[in-house]
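This briefing walks through a two-chain model, beginning with the contact between the chains and then turning to strand pairing and confidence. Please keep the sequence and the structure in view while reading.

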Amino acid sequence: MAQLRELKTRIKSVRNTIKITRTMELVATARAKQNQDRLTGAQPYFETLDRIARDVSGAGAAAASGEGAEPAHPFLKVPETEKRVALLVITANRGFCGGYNSNVLALAFRKADAERAKGRTVDLYVSGKKGNTACRFQKIPMAESWHHIGDQPKFAEVAEIAETLSQKFVAGEIDRLDVAYWRYLSASNQAPVVETVLPIRPDDAADGDDAKVATDLIIEPSAEAIFESVIPLRYRTNVFRAFLEAAASEQLARRAAMKAATDNGSEMGRVLNQRYNRARQAQITTEILEVMGGAEALK
Amino acid sequence: MANRMTCRIVTPEAEAWKGDVRQVVLPGSDGEVAFLSDHAPYVGRLGFGEARITDLDNKVTHFAVLGGFVTVGGNEVLVAAEGAVIASEIDLDEARRDAQTAEEELRKIPVRDEFERDAGEIKLASARARVLAGERSSKRNT
């Protein structure tokens with residue numbers, strides 16, 4: 001009897017958990033869709049920026065590669081030696097998303113160790129509560145951490161972080177800025193990556209297309225001026241894209257994790273149910289045998 | 001097709017507008033620039049201000065454009081703005097309040113604090129752009 005009651009409680013608790021995970025799965029599916037749409041919605045902007053950068057690249061490349069000359073923009077300036085590297089890790093504010101947070105953090109820590117092995121100092125900047133907690137738990141010092149980026153990153157919010165870090169770069173406090181985040185490759189494929197966002201390599205900015213400036217192109221105010229203002233914008237949008245991709249990946253990871261949890265829960269419920277039915281049957285059989293034994297004894 | 005071109009306004013967050021148009025007026029970095037169909041290839045920097053788009057039915061749509069770039073070519077006007085708000089979504093009172101607070105805040109920032117001043121100026125400019133677009137749009141429609 002005791003075992004029966006115990007099984008019943010467990011079945012109930014599994015069922016309740018399934019209800020929660022299934023709901024979370026549905027919510028994550030809807031949010032993933034939204035974030036994927038945002039990513040595709042932002043794509044034309046990234047492409048336009050690329051196109052403009054290419055259009056004016058002739059001027060930019062000339063300004064950037066003038067021998068011994070200062071680069072056209074401080075973001076293009078490659079420090080002679082890399083002593084201090086900043087690593088921005090993008091994690092989620094919430095858990096229940098499988099290996100999403102732990103994988104990107106593990107990658108970031110590995111990367112940081114590799115940099116330290118080369119004799120560089122690594123400053124860790126963390127976005128997302130989960131990354132913050134993990135670092136504090138493992139007693140890994142962070143230079144700064146934020147958790148104001150929500151499920152749907154806003155350009156202005158991300159620009160804030162980007163601005164803080166680029167100021168440090170311009171001031172010479174850091175020699176390079178890397179971002180560790182989940183790259184959204186496709187709806188079924190995401191992977192944690194580390195990318196360098198500062199300094200911007202001129203060939204990134206110009207896309208290597210050897211200065212294909214249309215001769216009849218009207219440029220206002222001037223190719224140099226546009227190039228100069230495209231550069232910081234590219235930096236900001238690169239960081240923003242990382243956040244967008246991370247947000248989309250997060251929801252997909254959560255959906256997958258919650259789907260797995262729901263499936264596991266259903267399987268567990270099935271097994272428990274079977275066990276419960278067997279135990280009940282066994283109990284009934286015992287009771288019948290007892291009754292029959294009693295009747296037999298009375299004869 | 002004469003008198004006809006396509007226009008797209010894209011921002012980092014979404015595509016803000018897309019359609020066939022007759023004329024596009026944008027806030028260039030040194031004053032307004034206007035484009036008609038068959039315009040020569042053009043690349044330009046945009047300031048903060050009001051954009052007007054005249055569609056094929058001669059209906060004018062107003063936008064607040066918050067900095068960015070425009071590229072024109074092959075009868076397509078492509079606006080890559082850091083922010084773009086269509087006038088119908090501008091709350092004029094709110095924009096006016098924002099402009100006022102931004103102005104007051106800016107006055108409090110010391111001149112030597114270059115970075116803070118830049119941020120303040122951008123805030124003010126974007127609020128003013130919204131006010132401008134909102135006002136012009138409501139004037140046209142009343």
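In this predicted model, the contact between the two chains draws on 30 residues from chain A and 25 residues from chain B. About 2,300 Å² is buried between chain A and chain B, and carbon and sulfur atoms give 64% of that area. On the side of chain A, the residues that lose the most area to chain B are A:Tyr45, A:Arg51 and A:Ile218, which together make up 24% of what that side buries.

**Polar and charged pairs across the interface**

- Two salt bridges are found across the interface of chain A and chain B, and in one salt bridge the side chain of A:Arg51 meets that of B:Glu76, with an N to O distance of 4.0 Å.
- A:Arg51 therefore appears in two roles, as a partner of B:Glu76 in a salt bridge and as one of the residues of chain A that lose the most area to chain B.
- Six residue pairs, with both residues at pLDDT 80 or more, are in polar contact across the interface of chain A and chain B.

**Which parts of chain A touch chain B**

- Four elements of chain A each supply at least two residues of the side that touches chain B, namely helix H1 (2-55), helix H5 (155-170), strand S6 (218-220) and helix H7 (223-298).
- H1(A) provides the largest share of that side, with 10 residues.
- By residue class, the side of chain A that touches chain B consists of 18 nonpolar, four polar and eight charged residues.

**Strand pairing between the chains**

- S6(A) is joined by three bridges to strand S4 (residues 42-55) of chain B, and these two strands run parallel.
- Within this pairing across the chains, A:Ile219 stands opposite B:Val43 of S4(B).

**Strand pairing within chain B**

- Strand S1 (residues 5-10) and strand S2 (residues 15-28) of chain B run antiparallel and are joined by six bridges, with B:Cys7 having B:Gly19 in S2(B) as its bridge partner.
- These two strands, S1(B) and S2(B), form a hairpin in which four residues lie between them.
- S2(B) also pairs with strand S3 (residues 31-35) of chain B, in the antiparallel sense and over five bridges, and the hairpin that joins S2(B) to S3(B) passes through two residues.
- Along the pairing with S3(B), B:Gly28 stands opposite B:Gly31, while B:Val25 stands opposite B:Ala34.
- A further antiparallel pairing, over five bridges, links S2(B) to S4(B), where B:Val24 has B:Ile53 as its bridge partner.
- S4(B) thus takes part in pairing on both levels, being antiparallel to S2(B) within chain B and parallel to S6(A) of the other chain.
- As background for reading these strands, side chains in a regular strand alternate between the two faces of the sheet.

**Confidence of the prediction**

- For the model as a whole, the scores are ipTM 0.79 and pTM 0.81.
- Chain A has a mean pLDDT of 85, with 89% of its residues reaching 70 or more.
- Residues 205-212 of chain A have a pLDDT below 50, and this stretch has 12 contacts in the model beyond near neighbours in sequence.
- Chain B has an average pLDDT of 84, and 97% of its residues score at least 70.

Notes: Residues are numbered from 1 along each chain as its sequence is written. Chains are lettered from A and ligands numbered from 1 in the order in which they are written. Side-chain values use heavy atoms; hydrogens and water are left out. Contact means heavy atoms within 4.5 Å. Buried area is the accessible area (1.4 Å probe) that two parts lose on being put together, summed over both. A polar contact is a pair of N or O atoms within 3.5 Å; within protein, one must be able to donate a hydrogen and the other to accept it, and residues adjacent in sequence count only if both atoms are side-chain atoms. Ala, Val, Leu, Ile, Met, Phe, Trp, Tyr, Cys and Pro count as nonpolar, Asp, Glu, Lys and Arg as charged, and the others, Gly among them, as polar. pLDDT is the predictor's confidence in each residue, from 0 to 100.
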